[in-house]
Amino acid sequence: MARAVTNRHKVIATIAAWLIAFVIFFPILYTLLTSIKTESEAIAGFSLIPSGTFENYITVQTRNGYFKPFMNSVVLSVGSTILALIIAVPAAWAMAFSPTKWTKEILMWMLSTKMMPAVAVLVPIYLLFRDFGLLDTRIGLMVMLTLINLPIVVWMLYTYFREIPGEILEAARMDGAGLWQEIVYVLTPMALPGIASTFLLNIILAWNESFWTIRLTAVDAAPLTAFIASFSSPQGLFWAKLSAASTMAIAPILILGWFSQKQLVRGLTFGAVK
Amino acid sequence: MGSITLNKVSKSFGEAKVIPSIDLEIQDGEFVVFVGPSGCGKSTLLRLIAGLEDVSGGSILIDGQDVTGKAPAQRRLAMVFQSYALYPHMSVRKNIAFPLKMAKMDKAAIDQKVADAAGILNLTDYLERRPSQLSGGQRQRVAIGRAIVREPTAFLFDEPLSNLDASLRGTMRLEISQLHNQLKTTMVYVTHDQVEAMTMADKIVVLNRGNIEQVGSPLDLYSSPRNLFVAGFIGSPKMNLIEGEYARSKNAKTVGIRPEHLVLSHESGLWTGKVTVAEHLGSDTFLHVEVEGIGQINARADGEFGARHGDQIFLTPTETKLHRFDDKGLAI
């Protein structure tokens with residue numbers, strides 16, 4: 001009897017999980033479907049049967065060029081992530097292994113900057129970018145993305161580093177390792193799974209960031225987020241083309257996410273589940 | 001050479017004074033054990049010698065050289081940790097080779113030394129394994145291997161056996177003692193287990209609340225404890241400490257008598273008592289006896305001494321083995 005109940009529960013739970021997953025996934029599916037409709041089909045109303053045209057993709061590519069914003073997205077997300085790690089690894093190391101009485105407060109303060117509405121600093125940042133000639137430059141945006149994601153990167157790395165037993169680092173010190181050797185030979189290899197998932201998550205965050213990437217770029221440094229936004233023009237919306245552009249923008253990150261999901265899940269639950 | 005000298009070494013963590021002031025001399029080649037209850041500052045003292053903690057005052061000399069301000073790596077000491085502290089991402093071979101790699105030794109020499117150490121510690125077959133694939137005893141041997149390859153001036157052991165089960169602990173104790181006989185290098189060993197201290201040490205340092213209570217050979221401490229703390233801490237089962245009428249008759253505040261220094265009899269003796277618990281170990285029998293006018297007394301008899309709960313027995317302390325303490329707890 002007990003077994004039958006468990007099995008029935010399992011079936012119900014499985015159906016519920018699939019249902020929830022489907023609801024969450026549906027907008028992406030609908031974007032996909034819309035992208036292979038004609039513009040008239042797309043505005044006609046709800047329909048799950050597209051005519052299956054790839055014309056939108058071709059139009060989007062020839063009229064606006066996919067390759068340049070794609071490369072910008074790659075350069076910006078990878079660049080800003082590497083930059084963030086270069087700053088965050090030593091910072092998290094210091095906070096995890098030689099904490100002061102203010103460490104917790106500093107961490108909280110860093111995180112609190114994420115709670116501030118970005119709009120609040122839009123004007124000063126825009127002016128700074130203008131005055132320093134950083135508007136619509138990759139380097140300017142890379143710095144911006146680094147700064148935005150730095151608190152999360154530091155937090156994640158801090159949590160990973162805290163999991164490493166201090167005695168192992170002390171052993172390295174006794175074995176004659178200097179600070180640099182301790183970081184290179186002991187800390188980094190041990191924290192590598194953590195650093196890898198931080199790296200992946202930050203790529204995704206940077207890839208998806210749209211507030212600053214749209215506002216601080218025009219043509220040269222515009223990544224895929226700005227590429228999508230450019231399809232809502234004053235002439236009106238082109239749903240099918242917009243969907244095709246969106247699909248092309250999310251496809252790379254979706255593929256990356258698919259292949260690294262194990263790393264990501266492990267990374268996000270690290271410390272919480274042992 | 002590996003002599004270590006502590007000059008008025010003190011350590012505070014914020015407000016808390018863990019070690020008020022300690023002077024200690026460790027001779028080259030000695031096996032010194034720091035022993036004491038948990039929180040007595042023995043591990044802190046070891047970490048101060050290692051350089052993993054900075055002293056708050058005083059100085060530390062190794063072979064006559066002041067190393068107080070020096071980093072752990074520059075003190076030429078090797079340490080074995082309680083948790084083994086092996087590098088989990090490296091094979092046994094790489095773990096043992098790590099200090100040599102840090103010393104920028106060439107590869108052929110490293111291979112030779114690792115092979116030698118593995119031979120001494122029976123690790124030759126495990127060199128390519130990761131620490132996670134080893135048993136507790138093997139891990140501890142890797143930690144020791146990592147310590148011996150660099151030929152340090154002294155070894156520091158921080159409760160190295162407390163994560164092992166009882167039988168393995170006995171074996172490892174022997175191995176470490178043998179290693180000391182082989183290498184003749186100074187060893188400083190921290191433990192809360194007085195059996196480890198008694199069996200391994202040339203010299204025991206008994207610590208309590210950051211102060212040294214007594215320094216001496218195991219038998220010194222056993223036969224002439226300087227005060228009540230040492231008397232109660234060294235020896236197993238514990239020394240009986242008796243106050244009151246009997247102590248006064250011996251001109252002392254407290255009289256101590258070890259369980260093995262009581263003569264037991266079924267017929268006659270100085271004290272009469274009732275057995276409350278009898279522990280038969282085969283080789284020995286430990287008796288807990290409620291003695292009239294004295295209180296609870298632990299006694300040790302040979303394995304054949306038949307006594308059970310409720311039996312009446314007679315006990316006579318061996319007069320020459322009595323320890324007398326004054327009202328400050330110091331030995332008279």
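Two residues are taken to be in contact if their C-beta atoms, placed from the backbone, lie within 7 Å. On this criterion, in the predicted model, residues 24 or more positions apart account for 76% of the contacts in chain A with a separation of 6 or more. In chain B, 63% of the contacts between residues at least 6 apart in sequence join residues at least 24 apart.

Chain A contains 13 helices and 2 strands. Its C-alpha trace spans about 75 × 70 × 30 Å along the principal axes, and 32% of its 274 residues count as buried. The domain assignment divides chain A into domain 1 (2–54) and domain 2 (66–230). The centres of domain 1 of chain A and domain 2 of chain A, taken over C-alpha atoms, are separated by 35 Å.

Chain B has 9 helices and 18 strands. Along the principal axes, the C-alpha atoms of chain B fill a box of roughly 75 × 45 × 30 Å. Of the 332 residues in chain B, 40% are buried. The unreviewed UniProt entry lists residues 4–234 of chain B under "domain: ABC transporter". Over residues 4–234 of chain B, helix accounts for 36% and strand for 26% of the chain, and the C-alpha atoms at the two ends are 25 Å apart.

At the start of this annotated range, strand E1 (residues 4–13) of chain B runs antiparallel to strand E2 (residues 16–26) of chain B, and 7 bridges join the two. B:Phe13 has B:Ala16 in E2(B) as its bridge partner. E1(B) and E2(B) form a hairpin with 2 residues between them, and B:Gly14 in the turn has a positive phi of about 60 degrees.

Strands of a sheet pair through backbone hydrogen bonds, either parallel or antiparallel. An open sheet of 6 strands in chain B has the order E6-E7-E8-E3-E9-E10, and its pairing is mixed. E6 and strand E10 (211–216) of chain B stand at the edges; each has a single partner strand, so one side of each is left without a neighbour in the sheet. On average, and with direction ignored, neighbouring strands of this sheet are turned by 20 degrees against each other. Within the sheet, strand E3 (residues 31–35) of chain B is joined to strand E8 (residues 186–191) of chain B by 5 bridges, and the two strands run parallel. One bridge pair comprises B:Val32 and its partner B:Val188 in E8(B).

Helix H4 of chain B lies across E6 and strand E7 (154–158) of chain B, and runs at about 175 degrees to E6(B). B:Gln140 is located in helix H4 (residues 136–148) of chain B. A residue is buried if 20 or more other C-beta atoms lie within 10 Å of its own; B:Gln140 counts as buried because it has 26 C-beta neighbours inside 10 Å. With neighbours within four places in sequence left aside, B:Gln140 is in contact with B:Tyr84, B:Pro160, B:Leu164 and B:Met172. From C-alpha to C-alpha, B:Gln140 and B:Ser249 are 52 Å apart in space, with a sequence separation of 109 residues.

A further open sheet in chain B is formed by 5 strands in the order E13-E17-E14-E15-E16, with antiparallel pairing. Its edge strands are strand E13 (262–265) and strand E16 (295–302) of chain B, each of which pairs on one side only. The twist from one strand to the next averages 40 degrees. Strand E14 (residues 271–280) of chain B pairs with strand E17 (residues 312–317) of chain B in the antiparallel sense over 4 bridges. B:Thr272 stands opposite B:Phe314 in E17(B).

Between the two chains, 18 residues of chain B are in contact with 15 residues of chain A. Strand E6 (77–80) and helix H2 (92–102) of chain B each supply at least two residues of the side of chain B that touches chain A. The residues on this side of chain B comprise 15 nonpolar, 2 polar and 1 charged. E6 of chain B thus appears in three settings: as an edge strand of the sheet of 6 strands, as a strand that H4(B) lies across, and as a contributor to the side of chain B that touches chain A.

Terms used
Residues are numbered from 1 along each chain as its sequence is written. Chains are lettered from A and ligands numbered from 1 in the order in which they are written. This is a predicted model: local features need pLDDT of at least 70, side-chain atom pairs count only at pLDDT 80 or more; totals for chains, interfaces and linings use all residues. A residue is buried if 20 or more other C-beta atoms lie within 10 Å of its own, exposed if 12 or fewer, and partly exposed in between; C-beta atoms are placed from the backbone. Ala, Val, Leu, Ile, Met, Phe, Trp, Tyr, Cys and Pro count as nonpolar, Asp, Glu, Lys and Arg as charged, and the others, Gly among them, as polar. Two strands pair if DSSP finds at least two bridges between them. Axes are lines fitted to C-alpha atoms, for helices over the stretch in contact, and angles run from 0 to 180 degrees between N-to-C directions. Domain bounds come from an automatic or database domain assignment. UniProt positions are given in the numbering used here, feature names are shortened, and annotations may be inferred rather than shown by experiment.
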